Amino acid sequence: MENLKIAVIPGDGIGPEVITEGIKVLEKAAELDGRIQFEFTQFPWGCEYYLEHGRMMDEDGIDRLRDFDAIFLGAVGYPGVPDHISLWDLLLRIRKEFDQYVNIRPIQLLNGAPCPLKGGNKEKIDMLFIRENSEGEYSGAGDWLFKGKPEEVVLQTGVFSRKGTERIIRYAFETAKEAGKTVTSISKANALNYSMVFWDEVFEEVSKDYPEIQTYSYLVDAAAMHMITDPERFEVVVTSNLFGDILTDVGAALAGGMGLAAGANINPERKYPSMFEPVHGSAPDIAGKGIANPLATVWSASQMFDFFGYSDIGEKLLQAIEILLEEKEVLTQDLGGIATTSEVGDRVAQILKGLF
Ligand code: NAI
Ligand code: MG
């Protein structure tokens, strides 16, 4: 039996509510399968912790996380703590310190999930976004000069290193190779005359190592349009930090909404733990009511199984979500139902019993 140690950071708002269901499903699947045993350790970090201790995580927080096999995170951010603090001091810090330079966001419209596009279905909307997660527009480089003066100037600099650009593009090609899919690169070389010209060049170079893979390259504005008018053209998609952030929210809308959007922050070398989390935030508007949709968290649990080499279990979790969506009996409000967060988690666990 493989023992897997998971650091759990439930975080703020609906974070703890959805994470409880995520753990429920991870444990149920492991128990039914019999090959894995999870050991969960909870960390009480987040905005509440910040208000009490003046920081988002313990001083030695990164060191305490280092030896875990993975991190399972709910959401961070809450009114009263500026978003740039909660984001930079916890989430982005973990992503950077643990070199989680790949952000994987599956955008697949499962059967039974709502879609705003006429005729949208699972075959048409099936993309895998590989978003650069360590540099680019979110590197935090820049300056704020002459604050408050008439000559005030701010600079926010995108950082695209050869190493960082090449490794994310190569990861996308490797993923596509394994899955027998096409690769689409999304950039903006007409306006961003250094960073994106460079990106396109590296994409071109790396593609030469994969002559069997069909490639496409779009400008980000055109890509946003094509995602709505012709989503079928996208399979494996590789793009920068900022563009990936925005486009995957478009993707979330196409594939059933924030309640179904999952993401994984991967350190492919496995030198450090990778982190699995729903894409949504702490949703203060519905927190504490027990009505948050836990399916995005269950989906990221499925990504965790894939990462550990148990993609057969990951697949069963997705099947369970799909069965639940199709039967339409136990759904939260965002999907038109009246069920509570824990009722949805219970139902997923129950469906899983029939799948092993
Ligand atoms: P949000 O994702 O928390 O909420 C946006 C809308 O979607 C809200 O109406 C919310 O009720 C709904 N929603 C989100 N998740 C849902 C779920 N599981 N079930 C049902 N409805 C759901 O984004 P918002 O409101 O912009 O941000 C709130 C806080 O979360 C902010 O402090 C923000 O910084 C933080 N945040 C944190 C993220 C993270 O931890 N990865 C990501 C995005 C935002
Ligand atoms: Mg986002």
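Student: What makes residues 5–348 a named stretch in this predicted model?
Tutor: A UniProt record does. Its unreviewed entry lists residues 5–348 as "domain: Isopropylmalate dehydrogenase-like". Such an annotation may be inferred rather than shown by experiment. In the model, that stretch is 40% helix and 22% strand. Its end C-alpha atoms are 23 Å apart.

Student: Which domains is the protein chain divided into?
Tutor: Domain 1 takes 1–101 + 261–356, and domain 2 takes 126–254. These bounds come from an automatic or database domain assignment. The C-alpha centres of the two domains lie 26 Å apart.

Student: How do you know that domain 1 and domain 2 are in contact?
Tutor: Contact requires C-beta atoms within 7 Å. Nine residues of domain 1 meet that test with nine residues of domain 2. On the domain 1 side, four are nonpolar, two polar and three charged.

Student: Why are β2 and β9 called edge strands?
Tutor: Take the order of the open sheet of 10 strands: β2-β1-β3-β12-β11-β4-β5-β10-β8-β9. Pairing takes at least two bridges between strands. β2 (36–42) and β9 (215–219) each pair on one side only, so they are the edges. Neighbouring strands of this sheet are turned by 25° against each other on average, direction ignored.

Student: What makes β8 and β9 a pair?
Tutor: The cut-off is at least two bridges. Strand β8 (residues 183–187) and β9 have five, in the parallel sense, so they count as paired. One partner is easy to find: S187 bridges to L219 in β9.

Student: Which strands does helix α6 touch as it packs on the sheet?
Tutor: Helix α6 (residues 195–207) touches β8 and β9. Its direction makes about 165° with that of β8. Angles run from 0 to 180 degrees between N-to-C directions, so the helix and β8 point in nearly opposite directions.

Student: Which residues come nearest to ligand 1?
Tutor: G77, H280, G281, A283 and N293 come nearest, out of 23 around the ligand. Being near takes a C-beta atom within 6 Å. Helix α4 (residues 83–97) gives the most to this shell, with three residues.

Student: How many residues of each class does the shell around ligand 1 have?
Tutor: It has 13 nonpolar, six polar and four charged residues. Gly counts as polar, so G77 and G281 belong to the polar class.

Methods: Residues numbered from 1 in each chain as written. Chains lettered and ligands numbered in written order. Predicted model: local features only at pLDDT ≥ 70, side-chain atom pairs only at ≥ 80, totals over all residues. Helix = DSSP H or I, 4+ residues; strand = E, 2+ residues; numbered from the N terminus. Contact = placed C-beta atoms within 7 Å.
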